[in-house]
Amino acid sequence: MGPLTSNQLVVREKDEDAGNFDHHQGRAGEREKALESYLRFPLPHGFLRSPPMTMSSIKIECVLRENCRCGESPVWEEASKSLLFVDIPAKKVCRWDSLSKQVQRVIVDAPVSSVALRQSGDYVATVGTNFCALNWENQSTLVLATVDKDKKNNRFNDGKVDPAGRYFAGTMAEETAPAVLERHQGSLYSLFPNHHVEKYFDQVDISNGLDWSLDHKIFYYIDSLSYSVDAFDYDLQTGKISNRRSVYKLEREEQIPDGMCIDVEGKLWVACYNGGRVIRLDPETGKRLQTVKLPVDKTTSCCFGGKDYSEMYVTSARDGLDSEDLLRQPEAGGIFKITGLGVKGIPPHPYAG
């Protein structure tokens, strides 16, 4: 199969039942046989035949060719009908207006790894090893707290706000090449609304995707080089976490787990870096339910947004691709919109401080 474009995709529904047959040929063959049998079967006099039901069709579109070196942290802002995201090494926070299709950008003074909404207006972001307030109009940042002061080579990576308004984010050593770095240098932190910083644990390789269960009793977390999606018991009142366990181990072709979000059915969606896909997981059974492949290898993160949070937005990266790779995937570093998934997401929580 040649390289995909954003108008083509490969999707597998209910992967745990899919077996080893080719999805398109196998399922298409089954559908043809079923339809033939259905049409051949005689109906009693006076009955009308309804058309057979079909699955909703999934569409993937590159809505913005931003050429991000490492696009990350997509967040939907309903008030402005915009998608926020960052380009980490380019030190850019971007805001794409889904109505006008225009992009605004704010340049900061260090790698910016995540952005989040703020209850009082504007945004918060993780810049270098700082939790910062971000004033969009003035294009300025104000440091709220600093972590890892003893580790000059560290920076923040992915971050997200919990349902109580705390800003969770983890750190990592700066990479010498994509996913190549000094290991066990990172930690997981949260910035409370009063600007107190809580450190949860250290020995992290690449602190990455995070989200909370719909009942707010479980915290989901990815340390990328563990190739695992983990769960913790979560106390929403105190922000304490405990009882770490793995709920899904990635398979070889899925590559490196990166950013993550949750849908209204409590299932997790994980972007797979170097795997060119997002996967839907059931954290209760540990099963992969669905795989959606994109036309780029370095898929980095995902969030729901758009009308009723029924669209998925996926960020991607270019760093680490050679000229041949870029010819094969010219939309690398772009922002993708996936429609027709048949499930919605939930709005992001704003930082309460």
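This short presentation describes the strands of one protein chain and the position that its record lists as an active site.

Good morning. The structure above is a predicted model, in which local features need pLDDT of at least 70 and side-chain atom pairs count only at pLDDT 80 or more, while totals for chains, interfaces and linings use all residues. Residues are numbered from 1 along each chain as its sequence is written, and side-chain values use heavy atoms, with hydrogens and water left out.

Let me begin with the whole chain. The chain has two helices and 25 strands; these are DSSP runs, at least four residues of H or I for a helix and at least two of E for a strand, numbered from the N terminus. Of its 353 residues, 53% count as buried, where buried means under 20% relative accessible area, exposed over 50%, and partly exposed in between, with a 1.4 Å probe and protein chains only. The chain exposes about 16,600 Å², and carbon and sulfur atoms supply 49% of that area, as computed by the Shrake-Rupley method with a 1.4 Å probe. A contact means heavy atoms within 4.5 Å. Among contacts in the chain between residues at least 6 apart in sequence, 49% join residues at least 24 apart.

I turn now to the annotated residue. Which residue does UniProt list for "active site"? The unreviewed entry lists D258; UniProt positions are given in the numbering used here, feature names are shortened, and annotations may be inferred rather than shown by experiment. D258 lies in strand 19, residues 256-262. Is D258 buried or exposed? D258 is buried, because its relative accessible area is 6%. Leaving aside residues up to four places away in sequence, D258 touches several others, among them E72, N208, T299 and T300. The residues touched by D258 also include V270, A271 and Y273.

Those three residues lead us to strand 20, residues 268-273. Six of the six residues of strand 20 are buried. In a regular strand the side chains alternate between the two faces of the sheet. In strand 20, L268, V270 and C272 lie on one side, W269, A271 and Y273 lie on the other, and all are buried.

What pairs with strand 20? Two strands pair if DSSP finds at least two bridges between them. Strand 19 and strand 20 run antiparallel and are joined by five bridges, with I262 opposite L268. Their hairpin has five residues between the strands, and G266 takes a positive phi near 80° there. Five bridges also join strand 20 to strand 21, residues 277-282, again antiparallel; here C272 has R277 as its bridge partner. Three residues separate these two strands in their hairpin, where N274 in the turn has a positive phi of about 70°.

A further hairpin is formed by strand 17 and strand 18, with four residues between the strands and a positive phi near 80° at G239. Seven bridges join these antiparallel strands, and Y234 is partnered with I241.

Finally, consider an open sheet of four strands, in the order 11-12-13-14, with antiparallel pairing. Why do strand 11 and strand 14 each have one side without a neighbour in the sheet? Strand 11 (154-161) and strand 14 (197-204) stand at the edges, each with a single partner strand, so one side of each is left without a neighbour. Within this sheet, five bridges join strand 13, residues 186-191, to strand 14, and G186 stands opposite V204. Thank you.
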